[in-house]
Amino acid sequence: MLNGSKKRYRIGFIFPEDLSWFGYKNYLINLITALDIHPKGKKIILICGNDKLNIIKSLKLKNIKVISTNFLNKKGFLNFIKKIFSYFFDRHDPLFFFFIKKYNINLISHYKPYSFIKSLVWFPDFQHIVLR
């Protein structure tokens, strides 16, 4: 429940494909660990690529559901398809939409915004924003 609402949120965190920036990786790991310690009133779902599963397993999370998928691997066919959809559909990726609905997630945190789900977007550093 958030802000007195009766609805229980299922919050999805998408573990990033690119972990080359250690600040973001450490920030996200600390946030996920803190949410694991204090799970009351929310259901946290961590979604990661199969290639990042060893990092997540090392956290030994008890209250967070972890879903691994080839869809979020840095390299692979599904990621290629995701990039094509991202190019054509911008804020509506049909594959990601079905993935989110499959796990009944109603809020995404720390990922890019989509038109079909509420998103809490975070810009870690203005150096990573491309101005057009």
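How many salt bridges does a search of the whole structure find? The search turns up one, where a salt bridge means a side-chain nitrogen of Lys or Arg within 4 Å of a carboxyl oxygen of Asp or Glu. We'll come back to that pair after a look at the overall layout.

First, some ground rules. You're looking at a predicted model, in which local features need pLDDT of at least 70, side-chain atom pairs count only at pLDDT 80 or more, and totals for chains, interfaces and linings use all residues. Residue numbers start from 1 along each chain as its sequence is written, and side-chain values use heavy atoms, with hydrogens and water left out.

## The overall layout

The protein chain holds four helices and five strands. Here helices (H or I, at least four residues) and strands (E, at least two) are DSSP runs, numbered from the N terminus. Read from that end, the elements go β-α-β-α-β-α-α-β-β.

Of the 132 residues in the protein chain, 36% are buried. Buried means under 20% relative accessible area, exposed means over 50%, and partly exposed lies in between (1.4 Å probe, protein chains only). The accessible surface of the chain is about 8600 Å², and carbon and sulfur atoms account for 59% of that. Such areas come from the Shrake-Rupley method with a 1.4 Å probe, and for residues only the protein chains shown count as cover.

What about contacts, meaning heavy atoms within 4.5 Å? Take those between residues at least 6 apart in sequence: 52% of them join residues at least 24 apart.

## The sheet

The five strands form an open sheet in the order β3-β2-β1-β4-β5, with parallel pairing. At the edges sit β3 and β5 (118-120), each pairing on one side only. From one strand to the next, the twist averages 25 degrees. Two strands count as paired if DSSP finds at least two bridges between them.

Strands β1 (residues 10-14) and β2 (residues 43-49) run parallel and are joined by five bridges. Within that pairing, Ile 11 stands opposite Ile 44 in β2, and Phe 13 has Leu 46 of β2 as its bridge partner. Helix α1 (residues 22-37) packs on the sheet, where it touches β1, β2 and β3, and its direction makes about 155 degrees with that of β1. For such angles, axes are lines fitted to C-alpha atoms, for helices over the stretch in contact, and the angles run from 0 to 180 degrees between N-to-C directions.

Why is β2 largely enclosed by the rest of the structure? Because six of its seven residues are buried. Strand β1 is largely enclosed too, since four of its five residues are buried.

Over in strand β4 you'll find Ser 109, which is buried at a relative accessible area of 4%. Leaving aside neighbours within four places in sequence, Ser 109 is in contact with Ile 11, Gly 12, Phe 13, Ile 14 and Leu 120.

## Back to the salt bridge

In general, side chains of opposite charge can pair when their charged atoms come close. Here the partners are Lys 52 and Asp 51, with their closest N and O atoms 3.4 Å apart. Lys 52 is buried at 9% relative accessibility, whereas Asp 51 is partly exposed at 36%.

## Two unusual backbone spots

Most residues other than glycine have a negative phi. The table shows two residues with a positive value.

| Residue | Phi | Loop | Relative accessibility |
|---|---|---|---|
| Lys 60 | about 55 degrees | between α2 (53-57) and β3 (64-69) | 65%, exposed |
| Asn 104 | near 55 degrees | between α4 (94-102) and β4 (107-109) | 54%, exposed |

## A nonpolar patch on the surface

Which residues make the nonpolar surface patch of about 830 Å²? They are Phe 77, Leu 78, Phe 80, Ile 84, Tyr 87, Phe 88 and Phe 89. Patches are made of residues with over 30% relative accessible area and no salt bridge; like charges are joined within 9 Å, and nonpolar side chains (Val, Leu, Ile, Met, Phe, Trp, Tyr) within 5 Å. One of the patch members, Leu 78, lies in helix α3 (residues 77-89). Leu 78 is partly exposed, with a relative accessible area of 35%.

Terms used:
Contact means heavy atoms within 4.5 Å.
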